[in-house]
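The following exercises concern the sheet, one helix and the nonpolar cores of a single chain. Each task is followed by a solution in steps.

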Amino acid sequence: MSTRKALDILKTVTVGGKDLVSSGFLGSLSVEGDRAEVVLLLPATLKGQAEAIKTAVEKRLIEGGFKPEVRYRIREGKPPLRVNVGPVGKTKKRIPGVKKVLAVASGKGGVGKSTVAVNLAVALSKLGLKSGLFDADVYGPSVSVLLGLEGERVYVTEDRRFKPIEKYGIQVLTFGVLVKEDTPILWRGAMLHKAYEELLLQTAWGDLDVLVVDLPPGTGDSHLSLAQGYEVDGAIVVTTPQTVAIADVLRAIKGFEKLEIPVLGIVENMAYFVCPDSGRRYHIFGEGGADKLSKITGVPVLVRVPIDEYVSSGGDAGVPVVHAYPDSPSGRAFLKLADTVRGRLLS
Ligand SMILES: Nc1ncnc2c1ncn2[C@@H]1O[C@H](COP(=O)(O)OP(=O)(O)OP(=O)(O)O)[C@@H](O)[C@H]1O
Ligand SMILES: [Mg+2]
């Protein structure tokens, strides 16, 4: 059973004359085996019909061979999801040459956002999509290390646009290759915004299906620059199983919701460790954090990535695990994540 099949089924459900998917009422979808977890985001005007819509969705999915779990939330405020919420009087810009933009974020630092963003971008390319990665972390860009880009140069095209670096089948741009390591960066406010503008709009992205954007920790400047100025089609949030991470990650989810950016799901990173000697599973960083977040927000957990020695050593060596070991448990988790993202963003 694939995410795409479930989506096709959901498209046959009509609400107010429009199909459920293009109406923007589908908050999230997660498919695992024959289980399909659906969260509907319905406007307050449809409150009275919510149960009937839920039942219709369940029925269609069952007819299609799925075991559905359907929930709904009533959105306060106005639908639909894809509205322009940029600075007053301005509409959001689309990044030229890019079909869909996906932000990878977390309210918390060090949970593995960059690792997830890098492996997701490479996994999307393995699935046959044209994929790119933009490292939006001005102050601590780590993508150049994770992809082994040290020493690479960024060239400028004839029409004076940046040419992304090609690595592992993806197109990449990071402040890490534009700013020398020992140069202190003191950009803020308007300057930072300008730097984004230059990089995002003046890069010759070559006809990308998806541009993955690795956001820095927190919910500060760069998130706002990105999300208010440009169309962002979806976000995924990364967390660890520790419950202490929850408040920060919750803030990040709420932030995206406020900006009307659909949060596709949660990635629980460093979820467990499998001892190679005994095969036993250890929950080194605790258990249940992502599920708890999911319960509070209605946003599904998309994958759980185990703690894997190769994820960190490969990261240091500039070789993503999904490239070197696509069949390892962490490699497979990233491929599954890519499949879900493809289903949600591109069908
Ligand atoms: N599943 C994993 N197994 C083992 N190590 C991991 C895993 N995920 C991430 N790491 C390691 O954890 C460290 C932090 O990861 P990463 O830089 O991706 O986090 P981040 O959230 O982007 O951090 P920052 O907040 O600084 O941007 C890195 O050394 C990385 O190699
Ligand atoms: Mg990072």
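**Exercise 1.** Which residue in S12 does Leu-133 stand opposite?

*Solution.* The model is a predicted one. Leu-133 faces Val-212 in S12. The two strands involved are S7 (residues 131-135) and S12 (residues 208-214), which pair in the parallel sense over 5 bridges.

**Exercise 2.** Place these strands in their sheet, identify its edges, and describe the helices packed on it.

*Solution.* Step 1: the sheet is open and consists of 8 strands in the order S10-S11-S7-S12-S6-S13-S14-S17, with mixed pairing.

Step 2: strand S10 (165-167) and strand S17 (301-305) each have a single partner strand, so one side of each is left without a neighbour in the sheet and these two stand at the edges. From one strand to the next, the twist averages 25 degrees.

Step 3: helix H9 (residues 289-297) packs on the sheet, touching strand S13 (234-239), strand S14 (263-269) and S17. The direction of H9 makes about 160 degrees with that of S14. Helix H12 (residues 329-346) also packs on the sheet, where its contacts are with strand S6 (98-105), S12, S13, S14 and S17. The direction of H12 makes about 160 degrees with that of S17.

**Exercise 3.** Compare the expected and actual span of H2, and determine how its buried residues are arranged.

*Solution.* Step 1: helix H2 (residues 50-63) has 14 residues; at 1.5 Å a residue these should span 20 Å, which agrees with the 20 Å between its end C-alpha atoms.

Step 2: Ile-53, Val-57 and Leu-61 are buried in H2. Viewed down the helix axis, the buried residues of H2 fall within an arc of 65 degrees, so they line one face. On the other side of H2, the exposed residues are Glu-51, Ala-52, Thr-55 and Glu-63.

Step 3: the cover over the buried residues of H2 includes helix H1 (3-10), strand S1 (14-15), strand S4 (35-43) and strand S5 (67-75). After H2 comes Gly-65, with a positive phi near 95 degrees.

**Exercise 4.** Which residues have the most contacts inside the largest nonpolar core?

*Solution.* Step 1: they are Val-104, Leu-120 and Ala-235, in a core of 73 residues. Helix H3 (residues 113-126) supplies the largest share of this core, 8 residues.

Step 2: setting aside neighbours within four places in sequence, Leu-120 is in contact with Val-104, Val-212, Phe-334, Leu-337, Ala-338 and Val-341.

Step 3: another core, of 18 residues, lies apart from the largest one. Among its members are Ala-6, Val-31, Val-38 and Ile-53.

Definitions and conventions. Residues numbered from 1 in each chain as written. Chains lettered and ligands numbered in written order. Predicted model: local features only at pLDDT ≥ 70, side-chain atom pairs only at ≥ 80, totals over all residues. Pairing = 2+ DSSP bridges. Helix = DSSP H or I, 4+ residues; strand = E, 2+ residues; numbered from the N terminus. Axes fitted to C-alpha atoms, helices over the stretch in contact; angles between N-to-C directions. Contact = placed C-beta atoms within 7 Å. Expected span 1.5 Å × (residues − 1). Buried ≥ 20, exposed ≤ 12 C-beta atoms within 10 Å, placed from the backbone. Arc of directions from axis to C-beta. Core = buried A, V, L, I, M, F, W, Y, C linked by C-beta atoms within 7 Å.
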